[in-house]
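Subject: Structure handover

Hello,

Here is the structure we talked about. Please open it alongside this note. My findings follow below.

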Amino acid sequence: MGIPEERIERLEALAREAVRAGEDDRAREYVRLARRLAERHRLRLPRRFRRFTCDRCDAYLRPGVNARVRLQSGKVVVACDCGELARYPYE
Ligand SMILES: [Zn+2]
């Protein structure tokens, strides 16, 4: 695993910790840094990162706290507090 991949993983962990501490804006900064790194190095963000971040407002999502998750016709629908919806196949 290369350095940028490790930094992205670390940033995701930091974002998760920040949101757990109620520091949503700090979490967003980590999410944005990770996105920028991935872009610069043309890396695909890890699946968990993609599923637990909002594409619109860059929030790190915590179901039941700043996001709601429901199942709808075989898909997982994640609704961020900002109103953005993301759908994923159910696994
Ligand atoms: Zn959002």
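Where does UniProt place the feature "binding site"? The unreviewed entry puts it at Cys54, Cys57, Cys80 and Cys82. These residues span 29 residues in sequence, yet no two of their C-alpha atoms are more than 8.7 Å apart, so they gather at one spot. Keep in mind that this is a predicted model.

The metal site

The model agrees with the record on these residues: the zinc ion is coordinated by the SG atoms of Cys54, Cys57, Cys80 and Cys82, at 2.3 Å. The geometry is tetrahedral, with angles of 106 to 114 degrees among the 4 donor atoms. Along the chain, the donor residues follow the spacing C-x2-C-x22-C-x1-C. Cysteine 57 and cysteine 80 link distant parts of the chain, 23 residues apart. Cysteine 57 sits in the loop between helix H3 (47-51) and strand S1 (67-72). Cysteine 80 belongs to strand S2 (residues 75-80).

Are these donors buried or exposed? Cysteine 54 is buried, at 3% relative accessibility. Cysteine 80 is buried too, at 5%. Cysteine 57 has a relative accessible area of 14%. That value counts as buried because the cut-off is under 20%.

Now the surroundings. Cysteine 54 also lies in the loop between H3 and S1. Leaving out residues up to four places away in sequence, cysteine 54 touches Arg35, Ala59, Leu61, Cys80, Cys82 and Glu84. With the same exclusion, the contacts of cysteine 80 include Cys54, Cys57, Ala59, Leu61 and Asn66. Ala67 and Arg68 are also among them.

Asparagine 66

One of those contacts of cysteine 80 deserves its own paragraph: Asn66. Asparagine 66 lies in the loop between H3 and S1. It is a buried residue, at 5% relative accessibility. What does its side chain reach at 2.6 Å? The partner is the backbone nitrogen of arginine 62. A polar atom of the asparagine 66 side chain also lies 3.0 Å from the backbone oxygen of tyrosine 60. Beyond four places in sequence, asparagine 66 touches Val19, Asp24, Ala59, Tyr60, Leu61, Ala79, Cys80 and Asp81. That list includes Cys80, a zinc donor.

The nonpolar cores

In soluble globular proteins, nonpolar side chains tend to be buried together. How many residues does the largest nonpolar core have here? It has 14. Ile8, Ala15, Ala27 and Tyr60 have the most contacts inside this core. Helix H1 (3-20) and helix H2 (24-40) each supply at least two of its residues. H2 gives the most, with 6 residues.

Alanine 27 shows some of the packing. Not counting residues up to four places away in sequence, alanine 27 touches Ala15, Ala18, Val19 and Tyr60. A second, separate core has 9 residues, including Ala59, Ala67, Val76 and Tyr88.

A few residues connect these topics. Ala59, from the second core, touches cysteine 54, cysteine 80 and asparagine 66. Tyr60, from the largest core, is in contact with asparagine 66.

Best wishes

Note on methods:
Residues are numbered from 1 along each chain as its sequence is written. This is a predicted model: local features need pLDDT of at least 70, side-chain atom pairs count only at pLDDT 80 or more; totals for chains, interfaces and linings use all residues. Side-chain values use heavy atoms; hydrogens and water are left out. Donors are N, O and S atoms within 2.8 Å of the metal (3.2 Å for Na, K and Ca); water is not among the atoms, so sites may look incomplete. Four donors count as tetrahedral if all angles lie between 85 and 135 degrees; four count as square planar and six as octahedral if opposite donors are over 155 degrees apart and all others between 65 and 115; anything else is irregular. Helices (H or I, at least four residues) and strands (E, at least two) are DSSP runs, numbered from the N terminus. Buried means under 20% relative accessible area, exposed over 50%, partly exposed in between (1.4 Å probe, protein chains only). UniProt positions are given in the numbering used here, feature names are shortened, and annotations may be inferred rather than shown by experiment. Contact means heavy atoms within 4.5 Å. A nonpolar core is a set of buried Ala, Val, Leu, Ile, Met, Phe, Trp, Tyr and Cys residues joined through side-chain atoms within 4.5 Å. A polar contact is a pair of N or O atoms within 3.5 Å; within protein, one must be able to donate a hydrogen and the other to accept it, and residues adjacent in sequence count only if both atoms are side-chain atoms.
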